[in-house]
Amino acid sequence: MRITLGPINRVEGDVEVTLDIEAGVVRAARVAAPLYRGFEEILLGRPAEDALAIVPRICGICSVSQSLAAAAVLRAAREAPAAANGLAAANVAHAAENIADHLTHFYLFFMPDFARDSYRGRSWFVATQQRFAAGAGTHLSATLPARARLLNTQGIIAGKWPHSLAFRPGGVTRALDLSAKLQLATIFAEFREFAESALFAAPLEEVAGLGDAAALARFAEGPAATGDFAAFLRIADDLRLRDLGRGPGLLMAAGAYAGAQGPQFPAGVFESATGAAGPLRIETVTEDVACAWYGDSPLDPAQAETRPDMERPGAYSFAKAPRLAGRAAEVGALARQAVAGHPLIRDLLRRDGASSVESRVVARLLEIALLVPAAQAWIAALRVDAPFCAADVATRDGDFVAQVEAARGTLGHWARYRDGRIDRYQIIAPTTWNFSPRDGAGMPGPLECALQGIAVGDAAADHVAVQHTIRSFDPCMVCTAH
Amino acid sequence: MKTLVWLQAGSCGGCTMSVLERGLFDALRRMGLRLLWHPSLSLDEGGRVRALLDSIVAGETHLDILCVEGAALRGPGGTGRFDRFAGRAMLDWLRDLAPRAGACVAVGSCAAFGGLPAAAPSTDAVGLQYADDAPGGALGADYVSAGGLPVVNVSGCAPHPDWILETLQALAAGCLGPADLDVFARPRLFADHLAHHGCARNEFYEFKASAEAPYERGCLMESLGCKATQAVGDCAQRVWNGGGGCTRVGSTCIACTSPGFQNGKDFHHTPKIAGIPVGLPLDMPKAWFVALAALSKSATPARVKTNARSDRIETPPEPGKA
């Protein structure tokens, strides 16, 4: 039996999923990005800096991430370092966007599924419905204002959100004065209050310090039991979400939040089956169009082209299939924290043997607890008497690449500049990795992998486990095919 | 209560992100609007969504307001297959749903005029009722909603959340008529102003004390591509994200409320002929501009001249001194 699900909502953008179901079990899944806007084509031939105006508009959710990737690849072509203050201010804006994304995912996209009728009868159903029902949950009166207030950081640093021209190869356009620095400090102090009450019901440092699965279980039943995080943990335990949505095994991160001593969260790969960690070899990244609606193109993103072709035999998505040394890789908060060696995340992966619906959500919320103190430190270290932006220098000809970590994972920009203009531009977004279609070898992408084997019984595609699995990746479909 | 459906076509989702700042759900409820469906926020998906949309098309479910975010992608070859939604081309859904709606609101410049997707060579992206500044678009120049309005174009990339919400509020209250829309059907509640009005850099503008690098505090118009004197929007009179605004932080205005803004090239540099910016302030005769600019420059106080070329206030105003 073949069933197509869509539109699938409460994700960013639209996604279609086709399931082959036999005897009540998903045997194969095909994930399609059904929208193509042509951003890589739009960039060609324009002045190199125009990417700073165009690229953020790929995505109204990860706008700052896109801006920072475009600025970083320009910086790579300019042999001129950015101002330290500028990188720190960009980190603050980036952290605010990423925290807001994690928050939006948890409260608006992911948790409302537990308020579905199919869970009526569970001990936690009534409380969950009151708290998290889509468009009606009691959390809305606190979370939406907290999110909006956090995004006031963008008003201060970027002017507005989404879509700003404030992020430059040399830093940020506004030299923050003392007043701006103090306002930023206040915003994050207020957000900490929200996170330590409604979300965690515990100090952020306690959450960040959770060392293993046993500590997490104690947390869910202890004084923090009143928080929304603990509510999720109890539901996850009851529904065995640790067994659901198992990823392909390879986790990847490119390094997040630049600093003088290297990134806050490092680059690397992690094998969830064996616990082996290693370096990220970006030169092994390929992008395959075997099952995507595009004409043939070289596998190397630095050489690749994007030419839509809806007549391609066997194609079913506008997403290309990125691979790392030939393998599908999962990206996102879970991958970042696994690569960074956070003990809780490493222990959850060891316990489950693979990434899961539960560990993806835990990693996102853990990251909120890690990022707020980090942002507070960056703000405290801003030197309002020093520059926030280095002077522009000429853009060199050649091939350049830069990667940043968006909320949902690794975002890479491959650019070729010639005479100050864009000769080639390829973007691989986080959800291009996670919601990749099959490649030329027939290997499925991470979500396609994670959906295989789910027992859906008679409910078939309506089974909520399918919904949990799709949403656990926090897909951003508008970035995916761009 | 009046009903509202929100769809995302060739969109980045940024207009929804903008309006979420105002806690969309409560804001709509206070206006007396019932949100039947929103792709990012509602519980229902799949078959239930198709059933809802089908019943609106069939006239069985009354729709007061249709909000569309994102460009209408007509390609390839007029099929609309670059944007498939709920089993069909989104283009076909838009054409079936829009005539049923009491009012149709294009949220953002993509839905209004085509926006950035319209710069792509392959997708044939347009706005609902305009292709850049040419009437037509996906629904055609003759389209009027069931309530007798053209598509209401809340342009901007992304628009201010209150441009969106005040437009919906006016429609919900029945107080937005054709006379409340400008020449491109943008609500005059924000389009009767220029983005420049109230600019925090106005003193630099007046003296033509210009920034030469993007991090300098001076006016962005002469060298850094700022189009705020040519673009509609009360951008500088409202605050964005708590206290911001593009030109406040040195994010040059790219006229994102204007049809065809995406066709601009070299956004960060002001095109000039013989040293004079090509894009002069709207309705300003060139000779006057040149004469006034020369006069202003000759009268620029040292404080303004110094600060214009600095990333911070080097010279504060001295109390008691002119």
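**A first walk around chains A and B**

Visitor: Which residues of strand 9 of chain A point one way, and which the other way?
Guide: Strand 9 of chain A covers residues 285-288, and all of them are buried. Strands here are DSSP runs of E with at least two residues, helices are runs of H or I with at least four, and both are numbered from the N terminus. A residue is buried if 20 or more other C-beta atoms, placed from the backbone, lie within 10 Å of its own, exposed if 12 or fewer do, and partly exposed in between. One way point Val285(A) and Glu287(A), and the other way Thr286(A) and Asp288(A).

Visitor: What kind of model am I looking at?
Guide: Residues are numbered from 1 along each chain as its sequence is written, while chains are lettered from A and ligands numbered from 1 in the order in which they are written. Local features need pLDDT of at least 70, side-chain atom pairs count only at pLDDT 80 or more, and totals for chains, interfaces and linings use all residues, for this is a predicted model.

Visitor: Which residue of strand 10 of chain A stands opposite Asp288(A)?
Guide: Strand 9 and strand 10 (residues 321-324) of chain A run antiparallel and are joined by four bridges. Two strands pair if DSSP finds at least two bridges between them. Opposite Asp288(A) stands Ala321(A).

Visitor: Ala325(A) has a positive phi; is Ala325(A) buried or exposed?
Guide: Ala325(A) sits in the loop between strand 10 and helix 12 of chain A. Its phi is about 45 degrees, positive although Ala325(A) is not a glycine. Because Ala325(A) has 12 C-beta neighbours inside 10 Å, it counts as exposed.

Visitor: And Arg10(A), is that buried or exposed?
Guide: Arg10(A) also has a positive phi, near 50 degrees, without being a glycine. The loop between strand 1 and strand 2 of chain A is its place. Since 24 other C-beta atoms lie within 10 Å of Arg10(A), it is buried.

Visitor: What is omega near for the peptide bond from Gly6(A) to Pro7(A)?
Guide: Most residues other than glycine have a negative phi, and most peptide bonds are trans. Pro7(A) is found in the loop between strand 1 (2-5) and strand 2 (16-22) of chain A. The bond from Gly6(A) to Pro7(A) is cis, with omega near -5 degrees.

Visitor: Which residue follows helix 13 of chain A?
Guide: Helix 13 spans residues 343-352 of chain A, and its buried residues are Leu344(A), Ile345(A), Arg346(A), Leu348(A), Leu349(A) and Asp352(A). What covers them includes helix 10 (213-221), helix 12 (333-340) and helix 14 (357-381) of chain A. With a positive phi near 80 degrees, the residue that follows helix 13 is Gly353(A).

Visitor: Which strands of the open sheet 11-12-13 of chain A stand at the edges?
Guide: The three strands lie in the order 11-12-13, with antiparallel pairing. Two of them have a single partner strand each, so one side of each is left without a neighbour in the sheet: strand 11 (398-406) and strand 13 (421-428) of chain A.

Visitor: What is the bridge partner of Arg416(A) in strand 13 of chain A?
Guide: Strand 12 (residues 409-418) and strand 13 of chain A pair in the antiparallel sense over seven bridges. The partner of Arg416(A) is Arg424(A).

Visitor: How many residues does the contact take from chain A and from chain B?
Guide: Two residues are in contact if their C-beta atoms, placed from the backbone, lie within 7 Å. The contact takes 64 residues from chain A and 60 residues from chain B.

Visitor: Which helix of chain A supplies the largest share of the side that touches chain B?
Guide: Helix 1 (39-43), helix 2 (51-54), helix 6 (140-150) and helix 7 (152-157) of chain A each supply at least two residues of that side. The largest share is five residues, and it comes from helix 7.

Visitor: How far apart are the C-alpha centres of the two domains of chain B?
Guide: Chain B is divided into domain 1 (2-189) and domain 2 (193-314), with bounds from an automatic or database domain assignment. The centres lie apart by 32 Å.

Visitor: Is Cys253(B) buried or exposed?
Guide: Cys253(B) is in the loop between helix 9 (246-249) and strand 12 (272-273) of chain B. Leaving aside neighbours within four places in sequence, its contacts include Ala195(B), Cys226(B) and Cys246(B). Because 30 other C-beta atoms lie within 10 Å, Cys253(B) is buried.
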